[in-house]
Amino acid sequence: MSNKILITVASKAIGHAIARRFYQHDFEVIICARGQEGLTAAKAEMPNIYTYTCDLSDKKEVKLLGQTILKEFGTLDVLVNNGGVFLPGLIHQEEDEIYETQMRTNIDSAYYLSKILLPPMIEKQSGTVFNICSVASLKAYPNGGSYCISKFALLGFSKMLREELKPYNIRVVSVLPGAVRTASWEGTTIPDERFIPVEDIGKVVWNTYQLSERTVVEDIVIRPALGDI
């Protein structure tokens with residue numbers, strides 16, 4: 001029986017790279033994204049993946065996704081909380097909706113989805129959770145606004161989950177990438193050479209998963225070779 005992995009927001013960029021890597025190693029790969037177009041393109045590349053539409057900023061949709069996954073796939077072996085949106089700004093100037101959207105997408109989605117999908121892992125006493133955080137989880141920067149707040153919160157969530165799940169042999173890994181060429185950087189004139197190749201994130205997640213169940217890499221900080229942008 002194949003191992004099963006769910007990756008949120010995996011029709012492109014980091015999530016897609018992780019999905020591709022696990023797909024190449026014969027996992028049952030389940031992905032979600034908000035738009036059907038990206039899911040259709042991912043399905044064309046990886047015909048045997050399972051795709052679901054889900055707006056991670058919507059609590060009801062997140063819970064429905066979790067319940068559907070449990071019903072259709074049972075216990076997962078790997079959960080990758082990769083949901084995220086970047087809306088730059090200043091805390092004292094940004095609209096309330098900017099804060100609320102980023103908190104719902106970047107932290108609440110991981111919280112509610114994990115609560116639904118973890119109990120079977122706990123019962124089985126096996127599994128790995130990857131939370132895709134950011135170097136913004138470690139250091140605030142100009143114009144980071146509530147995005148940085150949400151990423152600090154996600155790292156805190158990940159560390160708390162690590163402590164809670166130790167007794168059940170479930171590994172929790174916080175992945176903190178620096179600048180990767182994603183939609184967040186559309187319009188930039190910064191050359192590609194300054195960004196982390198998205199494939200490297202997929203490779204790091206896969207290699208970390210491959211370690212013995214007796215070993216967990218708690219925090220992975222990945223930066224461009226020349227430093228943060």
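Welcome to a quick tour of this predicted model. Asp96, a good place to start, is found in helix α4, which covers residues 96-124. From there the tour takes in surface patches, salt bridges, aromatic pairs and two asparagines with an uncommon backbone angle. A search of the whole structure finds 7 salt bridges, and the structure also holds 11 aromatic pairs.

**Surface patches**

- Asp96 is exposed, because its relative accessible area of 54% lies over the 50% cut-off.
- Together with Glu95, Glu97 and Glu100, Asp96 makes up a patch of negative charge on the surface.
- Helix α4 is also the place of Tyr99, a residue that counts as partly exposed at 38% relative accessibility.
- Tyr99 joins Ile91 and Ile149 in a nonpolar patch on the surface, and the three have about 270 Å² of accessible area together.

**Salt bridges**

- Side chains of opposite charge can pair when their charged atoms come close.
- Lys124 forms a salt bridge with Asp77, and the closest N and O atoms of the two are 3.4 Å apart.
- Lys124 lies in helix α4, while Asp77 lies in the loop between α3 (59-73) and β4 (78-81), so this pair ties together parts that are 47 residues apart in sequence.
- The two partners sit in different surroundings: Lys124 is partly exposed with a relative accessible area of 47%, whereas Asp77 is buried with 13%.
- Glu218 and Arg162 form another salt bridge, with their closest N and O atoms 2.8 Å apart.
- Glu218 belongs to the loop between α6 (198-209) and β7 (219-222) and Arg162 to helix α5 (residues 145-165), so the pair ties together parts that are 56 residues apart in sequence.
- Glu218 is partly exposed, at a relative accessible area of 36%, while Arg162 counts as buried at 17% relative accessibility.
- Asp228 and Arg223 also meet through their side chains in a salt bridge, at 3.0 Å from N to O.
- Here Asp228 is partly exposed with a relative accessible area of 42%, and Arg223 is partly exposed with 40%.

**Aromatic pairs**

- A pair of aromatic rings is described by the distance of the centres and the angle of the planes.
- Among the 11 aromatic pairs in the structure is the one between Phe27 and Tyr209, which is edge-to-face because the ring centres are 5.6 Å apart and the planes stand at 80°.
- Phe27 lies in the loop between α1 (13-23) and β2 (28-33) and Tyr209 in helix α6, so the pair ties together parts that are 182 residues apart in sequence.
- Are Phe27 and Tyr209 buried or exposed? Phe27 is buried, with a relative accessible area of 9%, and Tyr209 counts as buried too, at 14% relative accessibility.
- Trp185 and Phe195 make an edge-to-face pair as well, because their ring centres are 5.1 Å apart and their planes are at 80°.
- Both Trp185 and Phe195 are placed in the loop between β6 (170-177) and α6, 10 residues apart.
- Trp185 is partly exposed with a relative accessible area of 25%, whereas Phe195 counts as buried at 7% relative accessibility.
- Phe27 and Tyr209 appear once more in a cluster, where ring pairs link them with Phe22 and Trp206.

**Two asparagines with positive phi**

- Most residues other than glycine have a negative phi.
- Which phi does Asn143 have? Asn143 has a positive phi of about 70°, although it is not a glycine.
- Asn143 lies in the loop between β5 (127-132) and α5, and at 40% relative accessibility Asn143 counts as partly exposed.
- Asn169 is not a glycine either, yet has a positive phi of about 60°.
- The loop between α5 and β6 is where Asn169 is found, and with 37% relative accessibility Asn169 counts as partly exposed.

Definitions and conventions: Residues numbered from 1 in each chain as written. Heavy atoms only, no water. Patch = residues over 30% accessible without salt bridge, like charges linked within 9 Å, V, L, I, M, F, W, Y side chains within 5 Å. Areas by Shrake-Rupley, 256 points an atom, 1.4 Å probe, with all protein chains shown as cover. Salt bridge = Lys/Arg side-chain N within 4 Å of Asp/Glu carboxyl O. Lys, Arg positive; Asp, Glu negative; His and termini not counted. Charge placed at Lys NZ, Arg CZ, Asp CG, Glu CD. Helix = DSSP H or I, 4+ residues; strand = E, 2+ residues; numbered from the N terminus. Buried < 20%, exposed > 50% of the residue type's maximum accessible area, 1.4 Å probe, protein only. Phe/Tyr/Trp six-rings, centres within 6.5 Å; stacked < 30°, edge-to-face > 60°.
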